[in-house]
Each structure stands twice: as structure tokens, then as C-alpha cells.
Amino acid sequence: MKKLMKGNEAIAEAAIQAGCRYFFGYPITPQNQIPEYMSKRLPQENGCFLQAESEVAAINMVYGAAGAGARVMTSSSSPGISLKQEGISYIVGAELPCVIVNMVRGGPGLGSIQPAQSDYFQSTRGGGHGDYRMCVLAPGSVQEAVDLTQEAFDIADRYRNPVIVLGDGLIGQMMEPVDMDKVKNHAPAADLPPKTWAANGHAPTAESPRAVTNSLYIDPQVLENHNLRLQKKYDLMAKNECRWQEEQLADAEIVMIAYGTTSRIARSAMRKCRERGIRVGLLRPITLWPFPEEAIRKTLATAKHYLVLEMSMGQMVDDVRLAVSGECPVHFYGRTGGMVPTVAEVVAQIEQLAGVKPEPEAACSCDFSKAMDDAAQSLNQAAAAVGQTLDEAGKKVHEAVNSPEFQENLQKAAEKVNAAAEAVGEKLDEAGRKIHDAVTSPEVQHKAQEAAEKVNAAAETVGEKLDEAGRKIHDAVTSPETQQKMQDAGNQVGDFAARAAETVTKGVAGIFGAIGKAFETVQKDLKDIEAKQKAQDDQPTDQNGKEGE
Amino acid sequence: MAVVFQKTRMLTDKPFHYCPGCTHGIIHRLVAEALDELGIGDTAIGVAPVGCAVFAYDYFTCDMMEAAHGRAPAVATGIKRVCPDKAVFTYQGDGDLASIGTAEIVHAATRGEKITTIFVNNAIYGMTGGQMAPTTLPGQVTTTSPYGRDVNHCGWPVRVSEMLATLNGPAYIERVSVHDVPHIKKAKAAIKKAFQLQMEGKGFTMVEVLSTCPTNWGQTPQEALKWLQDSMMPTYPLGVFKDITAQPAAEGGAR
């Protein structure tokens with residue numbers, strides 16, 4: 001039966017099913033679900049969970065319990081693992097088996113709580129003082145984390161050496177289906193030797209004498225002999241315990257090397273590039289120590305480039321370079337501080353090595369990122385269109401200022417600017433809706449961030465162009481030239497009006513003059529008529545008047 | 001011929017590496033005798049410290065684990081949780097327990113971890129050559145306090161028994177000395193009681209044993225025994241600081 005489980009909880013249950021009955025730990029993100037799960041489950045199995053006062057104490061409790069012969073585990077995350085290094089060194093020196101889970105987070109220092117692979121050196125080079133090695137198992141899925149945790153107990157018991165399960169925040173926090181039937185009652189490997197060395201208060205026998213668990217060898221010759229013996233053990237581990245996975249390597253010209261979470265991203269990028277005929281393959285180390293050096297060397301037959309991908313500034317890449325030994329270029333691409341590389345980033349790296357031009361479609365790892373890209377593109381286009389409209393409007397404003405009807409044209413230009421701004425608003429709304437729809441998808445937060453950056457950039461462009469257009473309008477309106485022209489136009493109107501008034505005045509005066517003259521003429525005519533009439537009247541009157549007068 | 005005295009069978013035949021006049025040998029023997037007399041020595045598991053007693057695993061005949069500096073209580077915790085029926089003890093000096101290992105001893109004590117701690121306090125770092133310890137007395141000259149311990153500069157001595165007695169977890173805490181035979185006999189009784197209470201599951205038990213370091217104190221063994229009595233005991237008074245089995249208003253030493 002498959003069960004959906006969080007990586008951390010799945011690891012804890014896998015450990016219990018592999019016979020782990022003792023867990024000592026201290027809280028630290030992002031691995032807290034392991035101690036929490038253990039605190040609930042171990043009492044049900046008559047085991048013991050104990051929250052220690054520190055990671056230092058926790059690893060020393062592990063030392064005690066392992067020394068007493070128990071299957072015991074602790075877990076932590078990077079800063080806590082640093083604190084455990086003292087104890088780990090003692091456990092190796094005293095040859096005790098235990099399992100240590102490190103859910104790696106970003107560093108250095110307190111760093112972040114986001115996933116990282118920056119503890120590669122610490123894990124594969126020992127980590128504590130003295131030279132020693134431990135098997136480092138790097139799961140790439142929750143199911144594999146479960147399988148490797150169970151195997152880790154067997155490997156630890158077989159070699160009497162701690163085993164590190166090196167996950168990262170993503171492996172610990174994500175949920176995936178786990179085959180619980182496979183996990184259940186994982187019996188210790190049949191060939192494991194009995195723990196005759198355990199300091200458990202047993203009665204001494206020839207096979208199992210009094211136990212002295214110790215890493216102190218004052219005599220240098222004795223300590224050298226001890227280290228030589230330990231080295232033989234490490235050599236045996238290197239020979240027998242190396243694990244890796246090969247994908248599409250038969251004809252691979254570009255060989256990617258990635259482990260854990262990064263290998264999943266590499267796999268997606270590989271599939272996209274394979275569809276385009278790029279000969280790219282993936283070699284995924286499952287054990288980081290022992291490192292699959294021989295497996296890498298075999299890929300030299302076809303490889304033209306190696307591309308090492310890590311969530312660090314480049315640590316495993318050193319081991320790849322040692323393996324390749326200068327026979328082929330080894331390239332590195334990494335994100336750090338808790339940033340997780342995207343498929344598009346990896347594809348771009350592959351394209352560059354393959355000498356292939358980027359395919360915009362191929363750069364999108366999902367519909368979401370395509371939608372975001374489209375939104376960003378349409379915003380860019382909108383910004384360009386707005387810019388053009390604004391430029392034109394600006395020109396028209398400028399021209400309008402030169403024309404006598406500039407007030408009216410300015411008004412028209414302003415209306416056009418408003419209309420353009422409304423169009424931008426609509427396009428922004430639309431883009432916003434697209435972004436919102438895309439964001440509601442549960443996938444890939446970091447892609448949202450990436451796209452948001454593009455949107456921001458586009459918005460900034462719009463802003464800049466708006467600013468620029470605004471400045472042009474402002475400049476045009478406030479320029480001394482315009483002011484002067486406005487002044488001139490005003491002056492001209494004033495002059496014209498004065499002249500017109502003068503003309504009208506003159507005209508009116510002329511009219512009055514003419515009327516006056518006309519009146520005089522009329523009066524004169526009237527007098528003439530009167531005089532003529534009198535003269536006419538006098539003549540007949542004289543004839544008659546003589547009689548009448 | 002009747003045997004009137006013999007080496008305890010809980011100690012190996014390996015000669016102690018301790019300096020002449022050092023009282024570690026006496027304390028080892030008291031622990032070994034107590035384990036033997038209680039019949040728990042053959043199944044006991046001891047944890048050795050870092051310090052003069054670092055080779056304790058060479059001397060006790062039971063199963064032994066060597067711990068990192070100060071971590072013995074955590075190691076003993078791991079052992080005891082796996083072997084709850086066995087006697088588990090730590091044997092620690094004052095640098096190991098009261099300085100670098102304060103967190104481990106305080107938390108083992110407050111958990112009531114069912115272990116016994118033998119805390120050997122000689123007011124100095126012996127193995128590394130006589131440096132100032134957390135228990136070094138005010139004014140005491142050591143290789144790292146050549147003008148005498150200046151309490152204004154580096155603080156006061158830590159009284160571990162008094163400090164741990166404030167916790168609920170401990171079942172029994174007593175400070176004893178081994179500077180003369182009557183005190184050695186009292187120390188033996190205290191150690192035996194501590195193991196007894198551990199086996200009864202009462203909780204954390206500790207016996208602090210005042211001890212000499214003639215070499216690093218720059219004294220003869222005789223002078224050292226006197227200095228312990230005259231100089232150490234006023235700062236580190238003997239007595240029972242915690243005993244959950246004691247009757248109310250019982251022995252005068254109880255506080």
C-alpha cells in the first residue's frame with residue numbers, strides 16, 4: 001500500500017521499521033518532523049525518544065546508546081550538525097554504528113531555513129577532527145529517503161561506522177507516496193556480525209570480552225595502526241557501498257552530475273533537451289562518499305562536456321574534476337543560500353554547452369511559467385504602445401503649442417493621453433488576473449518570483465515611459481519658448497483688438513460725420529424747397545393778392 | 001592464613017598512572033568496592049571523562065566508555081536508556097563537569113537520569129598542567145591565574161553540589177572528602193548509597209569528592225591534605241545537600 005508521507009516523517013517511520021528504538025535530538029528547522037514523529041511513535045514501540053539539551057548532548061547520547069549496542073539515530077540540520085561534529089569524530093574513533101540525518105539548509109552561520117547542498121564537504125570529508133570517512137547517502141525522493149534510511153542502519157552495523165543520510169529542506173518537507181509494505185519490518189541484513197563489542201554490562205566471555213569503548217591512543221604507533229585498520233575499513237566501504245543512477249548516458253555528449261533535489265531538476269531539463277535532439281544525460285550519485293568515480297570515468301567515452309549542478313557554490317564539482325582528471329571540460333552551475341535552480345536555468349546551461357539557440361517555448365517548464373511569460377510580454381507590448389502613443393501625443397502637444405489654436409489642441413491631446421492610460425490600466429488588470437490565476441496553482445513559488453521580476457521590469461519600463469512623456473509635456477508647456485509664444489499670441493490678440501477698436505471708432509465717427517453732413521444737406525434742401533415754394537406762392541398771390549391783399 | 005586485606009576485584013591489575021599523593025587512587029578504590037559490595041559491579045557500565053581520570057577504563061573491570069570532554073552525563077544517559085537495569089556511572093573531574101560539561105550535568109540531573117556521578121573536585125586542571133578551574137579558590141595561584149584567581153576578573157568558584165541540589169531531578173547529592181581515614185569511610189558510605197538509590201530507581205545521584213593535586217598545587221602530599229582541609233573545605237563545606245529518602249529533620253548535614 002502506498003501512503004502519502006512527508007519526507008521527514010517517512011524517514012522516521014522507516015528507521016523504526018528498521019529496528020531503531022532510540023532517538024536523541026534537538027529542535028532545528030527544517031527537520032523538526034523527525035523528532036516530533038519519533039516522540040510520538042517510539043513509546044508505542046517500547047523505545048526511547050529523548051529531547052537533549054543541545055545537539056552536542058544529543059550526539060553523545062547517541063554515542064552512549066550505540067556503545068551499548070542499540071540501533072540509534074539522531075537528526076538535525078546544518079548548524080546543528082556542526083555542533084555534532086565532536087561527537088561524530090568520537091563515534092568514528094570508537095567504531096560505533098549509528099545513523100545521522102542532515103536536512104541541509106543554507107549557510108554559512110545561521111544561514112537560512114531553505115534547502116541547500118552546502119554541507120557536501122563537511123559530510124564527505126568527515127566534518128570533525130581527525131581523518132575519517134562515513135557513507136553519505138543522498139536520496140532524491142521520499143521513497144528513496146525511506147529505502148536509504150533503512151539501508152543506512154545495515155551499513156552502519158556492517159562497518160561499525162556512522163552513516164549520514166544527507167537530504168535537504170525539500171526532501172524533508174515535501175510529500176510523496178511511499179510504499180509502506182516495502183518499508184514494514186525491515187529486518188537487519190542476515191550477514192551482520194553480532195555486537196560482541198557492546199558496553200552493556202554483559203558477562204565477559206572469550207567471544208565477547210569486557211567492553212572498553214574508546215578513541216584514545218596515547219602511543220603514536222598504536223594510533224597509526226588503529227588508523228591504518230580504519231582505512232582498510234573505508235577502502236572496503238568504497239569498494240562495496242558505492243551507489244549511483246545513470247540516465248540517458250549511452251550517447252551523452254553533455255553529462256550532467258547532480259544529486260538529491262538538484263538531480264530532479266536536472267532530469268526535467270534533460271528530458272526537454274532530449275526532445276530537441278540534444279545528447280544530454282544524467283549521472284546521479286546516490287552515495288556522495290564513496291563517490292562514483294569509476295562510473296563517471298566510463299562516461300568519458302561519449303562526453304564532450306560535464307555539467308555539475310548543485311545548490312552550493314560548487315563542492316561536489318571538485319570530486320567530478322578529480323574523477324575526470326582534466327580529460328574533459330567540467331562546468332558548474334549552482335544556486336545557493338536556499339535558492340533552488342529552475343529547469344529553465346539548467347536548460348539554458350545545456351543550450352550554451354550544446355551551442356544551440358534558446359527556444360523560448362523550451363524555456364518554459366510549465367503552463368504557469370508560460371502564462372507568466374505571456375503576461376510579461378503583453379505588458380511589454382502595452383508599454384511600448386503606450387510609449388509610442390505618448391510620444392505622438394507629445395509631438396502633437398508640441399505642434400499645438402506652435403499653432404494659434406494651441407489651447408484647443410492641448411485639450412485634445414490630453415484626452416488622448418487619458419484614453420491611452422485607460423488602455424494601459426485594462427492591460428495591467430488583465431495581466432494581474434493572469435498572474436493571479438497562475439499563482440493559485442500550487443507549484444513552484446520561485447518561478448512566481450522570477451516572473452514577478454519580469455513583470456516588475458516591464459512595469460518599470462511603463463513607469464519610465466510615463467515619466468518621460470510627463471516630463472516632455474511638462475517641458476513643452478513650461479519651456480521659455482512656449483511661454484514666449486503664449487505671451488506673443490496674447491500680445492497679438494491684444495494688438496488686433498486695439499486696432500479693431502480703433503477702426504470701429506473711426507468707422508463710427510465717419511458714420512456720424514456722414515449722418516451729420518447728410519442732415520445738413522437735408523436741412524439745406526428743405527430750405528431750398530421752402531424758398532422755392534414761397535416764390536411760387538408769391539407769384540399767384542400777387543395776381544390774386546392784389547385783389548385780396 | 002586469614003586474608004585481612006586485599007585489592008578489590010573490581011579493579012584491574014594495571015598500576016595507576018596518578019601522581020604520588022593524588023587521591024584519585026583512593027576514590028577509584030571506593031567506587032570499585034561500593035560496586036562490588038552491592039553486587040552490581042560485574043554488570044555496571046562506567047563512563048570515563050577527559051582529565052586525569054581519562055584512563056579510568058583501564059582500571060575498572062566493568063564495561064567502560066570513554067566520553068568527550070564534559071559529555072559523560074550525556075553518554076551515560078544514552079547507555080542507561082538502553083540498559084535501564086544496569087548500574088551506570090560517570091567519573092568526572094571539576095574542569096570536565098563544572099566547566100565544559102555544565103549543560104550535560106545540569107540536564108542529566110534535572111531529568112533525574114538514573115545514573116551516579118562521581119565528581120572529583122581538586123580545584124585545578126590536573127592533566128593539562130595546573131590551569132585555573134571553575135572550582136579554583138579566590139586568590140589561588142595556577143598557571144593561568146599566576147597572580148591568584150581575581151574574582152573581579154574571572155568570577156567565583158562554582159559550588160556544583162549546592163547548585164544541583166536546587167533541582168527536582170536529583171535523589172541524592174553529598175559532598176565528601178578523602179583527606180583522612182574517617183572521611184574516606186564516610187565517602188565510601190556516600191558512594192555506596194548513591195549507587196543503591198540509583199538501582200532503586202530514585203533518580204540522579206552525585207557524590208562530590210574533594211581531592212588533592214600535590215603536583216599542580218606545588219605541595220607535598222602531606223601539605224596537600226592539610227590544604228584541602230584548611231582552604232578547600234570552607235568554600236566547599238561537606239554534607240548532604242539532597243536526599244529524597246531522608247526523614248524530615250533527620251541528619252544535621254541535610255540542607
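This passage describes the domain division of chain A, the contact between two of its domains, and the surroundings of one residue of chain B in a predicted model.

Four domains are assigned in chain A: domain 1 (2–188 + 215–240), domain 2 (244–354), domain 3 (367–478) and domain 4 (497–539). Between domain 1 of chain A and domain 2 of chain A, the C-alpha centres are separated by 26 Å. To the contact between them, domain 1 of chain A gives 27 residues and domain 2 of chain A gives 22 residues. On the side of domain 1 of chain A that touches domain 2 of chain A, two or more residues are supplied by each of helix H5 (120–124), strand S6 (135–137), strand S7 (163–168), helix H7 (169–173) and helix H9 (220–240) of chain A. The largest share of this side comes from H5(A), with four residues. By residue class, the side of domain 1 of chain A that touches domain 2 of chain A comprises 15 nonpolar, nine polar and three charged residues.

In chain B, Gln131(B) is located in the loop that runs between strand S4 (116–121) and helix H6 (151–154). Gln131(B) is classed as partly exposed because 16 C-beta neighbours fall inside 10 Å, a count between the limits of 12 or fewer for an exposed residue and 20 or more for a buried one. When neighbours within four places in sequence are set aside, the contacts of Gln131(B) are Tyr125(B), Thr142(B), Thr143(B) and Thr144(B). A further spatial relation links Gln131(B) with Gly95(B): the two residues are 36 residues apart in sequence, while their C-alpha atoms are 9.6 Å apart in space.

How values were computed:
Residues numbered from 1 in each chain as written. Chains lettered and ligands numbered in written order. Predicted model: local features only at pLDDT ≥ 70, side-chain atom pairs only at ≥ 80, totals over all residues. Contact = placed C-beta atoms within 7 Å. Domains from an automatic or database assignment. Nonpolar A, V, L, I, M, F, W, Y, C, P; charged D, E, K, R; others polar.
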